[in-house]
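Grab a pencil and open the structure viewer. We'll work through a few short exercises together, each with its solution.

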Amino acid sequence: MKKPGKKRPVKKRNAEPNLTFDYKDTATLRRFLTDRGRIRKREVTGLSMQQQRRLALAVRNAREMALLPYSG
């Protein structure tokens with residue numbers, strides 16, 4: 001029997017290391033949104049932590065400028 005414990009984390013390679021996010025580029029931002037308008041998780045998108053933060057900031061700015069819809 002296996003002992004219960006922590007699983008080894010699976011490291012994902014970043015598919016696009018030099019990806020930049022601009023709030024005016026809604027086509028790129030929509031790739032990272034679900035059909036309900038929520039931002040996809042890092043595990044799904046494969047982004048690094050810093051890229052995920054920049055993505056969230058760009059999505060918030062685009063929503064504020066009414067370029068993207070709010071979720072719900």
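**Warm-up: the layout**

Going from the N terminus, the protein's elements read α-α-α. This is a predicted model, where local features need pLDDT of at least 70 and side-chain atom pairs pLDDT 80 or more, while totals for chains, interfaces and linings use all residues. Residues are numbered from 1 along each chain as its sequence is written, and side-chain values use heavy atoms, leaving out hydrogens and water.

**Exercise 1.** Work out how many helices and strands there are.

*Solution.* Start with the rule: helices are DSSP runs of H or I with at least four residues, strands are runs of E with at least two, and numbering goes from the N terminus. Now count: you get three helices and zero strands.

**Exercise 2.** Find the largest nonpolar core and the helix that gives the most to it.

*Solution.* First, a nonpolar core is a set of buried Ala, Val, Leu, Ile, Met, Phe, Trp, Tyr and Cys residues joined through side-chain atoms within 4.5 Å. Buried means under 20% relative accessible area, with a 1.4 Å probe and protein chains only. The largest core has 11 residues, including Leu19, Phe32 and Val59. Helix H3 (residues 49-64) gives the most, with four residues.

Next, zoom in on Val59: beyond its neighbours within four places in sequence, Val59 is in contact (heavy atoms within 4.5 Å) with Leu29, Leu33, Ile39 and Leu68.

**Exercise 3.** Decide whether Gln51 is buried or exposed.

*Solution.* Locate Gln51 in helix H3. Its relative accessibility is 2%, so Gln51 counts as buried. Then look at its side chain: one polar atom there lies 3.2 Å from the backbone nitrogen of Ser48.

Key:
Buried < 20%, exposed > 50% of the residue type's maximum accessible area, 1.4 Å probe, protein only. Polar contact = N/O pair within 3.5 Å; in protein donor to acceptor, adjacent residues only side chain to side chain.
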